[in-house]
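Subject: Structure handover and what turned up in it

Hi,

Here is the structure I promised to pass on to you. Please open it alongside this email, and my notes follow below.

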Amino acid sequence: MNKRPYMHNEKKQDKASQVKNLINEEREGSSQKRELTPSAKLARTAIGLLALILTISGMAFSTGTMSDEAASDEIANRTSTEMESGFVLEDASQVALDSQDFAVGNFDGGTARMLIWDFTGDSEDRVQIMVDGQIIRESHTLTSNAAAYSVPVPSVVTIQGLEGQATYAVKFPERKYTIFNAVAPGGANAYTLTPSVVP
């Protein structure tokens, strides 16, 4: 009679140890599943980077989308707060701009960043860029890629035509609007930059 309860306890211990073993095996199996091989880690990283690049490029292409008709209206008005830097008009056949000077005010002072590009594409017309009569770029070839120059404020920035009937855009990011202009060889456009508080 004494043996029976002992055997019963032994069976309980066997079942308990079996359950423990099953739990341990399950834990070991799940931890093995979580561990990735170096090649799997590399693949996962590559997929993550690719997704990030596609997201960023998608955002870049989605900004500044505007119909050619709406863009032509903005260009005809000579200034736009809607168009992003580097905007290119797909059909430039209707663009007819005359040369014009602009006064651009309300800068913080010190220096300003000036972006310049050909908003009609890559016609590769050439201009000279001067600040207060001093040449800062002897010959700049206009393309659809915006080029950046640092210019002092206050100053007069002059864009002089060298080769080709240049249609171009200038943007001072601090002022948040784009200016559209044209210059013939030998002609010039002046941009008078003034600070918000004159010293």
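How many bridges join strand β3 to β6, and in which direction do the two strands run? There are 7 of them between β3 (residues 110–117) and β6, and the two strands run antiparallel. One pair to look up is M114, whose bridge partner in β6 is Y149. Before going further, please keep in mind that this is a predicted model.

**Overall layout**

The chain has 199 residues, and 29% of them are buried. It contains 3 helices and 10 strands. Along the sequence the order is α-α-α-β-β-β-β-β-β-β-β-β-β, with the helices coming before the strands. If you take the contacts between residues at least 6 apart in sequence, 67% of them join residues at least 24 apart. The exposed surface of the chain comes to about 12,900 Å², and carbon and sulfur atoms supply 53% of that area.

**Sheet and hairpin**

The β3–β6 pair belongs to an open sheet of 5 strands, ordered β1-β9-β8-β3-β6, with antiparallel pairing. The edges are taken by β1 (79–80) and β6 (147–153); each has a single partner strand, so one side of each has no neighbour in the sheet.

Another pairing to look at involves strand β4 (residues 126–131) and strand β5 (residues 134–141), which run antiparallel and are joined by 5 bridges. These strands make a hairpin with 2 residues between them. V131 has Q134 in β5 as its bridge partner, and D132 in the turn has a positive phi of about 50°.

**The nonpolar cores**

Which residues touch the most other members of the largest nonpolar core? They are M114, I116, V157, I159, Y191 and L193, out of 24 residues in that core. At least two of its residues come from each of β2 (102–107), β3, β4, β6, β7, β8 (166–172), β9 (177–183) and β10 (188–195). Another core, of 13 residues, lies apart from it and includes L89, L115, F119 and A182. As general background, nonpolar side chains tend to be buried together in soluble globular proteins.

I159 makes a good place to centre your view. Setting aside residues within four places in sequence, its contacts include M114, I116 and Y191, and V127, Q128 and I129 are also among them. The rest of that list is Y168, V183, G187, A188 and N189.

**Both ends of β7**

Strand β7 covers residues 155–163, with S155 in it. Is S155 buried or exposed? Its relative accessibility is 5%, so S155 counts as buried, the cut-off being under 20%. A polar atom of the S155 side chain lies 2.5 Å from the backbone oxygen of P152. Not counting residues up to four places away in sequence, S155 touches V131 and D132, as well as Y191, T192 and L193. V131 and D132 may be familiar from the hairpin, where D132 sits in the turn.

E163 also lies in β7. With a relative accessible area of 41%, E163 is partly exposed. Leaving out neighbours within four places in sequence, E163 is in contact with D125, R126 and P185. E163 and E124 are 39 residues apart in sequence, yet their C-alpha atoms are 8.8 Å apart in space.

**Salt bridges**

The count of salt bridges is 2. One of them is formed by the side chains of R126 and E163, at 3.2 Å from N to O. This pair links distant parts of the chain, with R126 in strand β4 and E163 in strand β7, 37 residues apart. R126 is partly exposed, at a relative accessible area of 27%.

R78 and D98 form a salt bridge too, with the closest N and O atoms 2.8 Å apart. R78 sits in the loop between α3 (68–76) and β1, while D98 sits in the loop between β1 and β2, so the pair ties together parts 20 residues apart in sequence. R78 counts as buried at 8% relative accessibility, whereas D98 is partly exposed at 48%.

Happy to go through any of this with you.

Best wishes

Notes: Residues numbered from 1 in each chain as written. Predicted model: local features only at pLDDT ≥ 70, side-chain atom pairs only at ≥ 80, totals over all residues. Heavy atoms only, no water. Helix = DSSP H or I, 4+ residues; strand = E, 2+ residues; numbered from the N terminus. Buried < 20%, exposed > 50% of the residue type's maximum accessible area, 1.4 Å probe, protein only. Polar contact = N/O pair within 3.5 Å; in protein donor to acceptor, adjacent residues only side chain to side chain. Contact = heavy atoms within 4.5 Å. Pairing = 2+ DSSP bridges. Core = buried A, V, L, I, M, F, W, Y, C linked by side-chain atoms within 4.5 Å. Salt bridge = Lys/Arg side-chain N within 4 Å of Asp/Glu carboxyl O. Areas by Shrake-Rupley, 256 points an atom, 1.4 Å probe, with all protein chains shown as cover.
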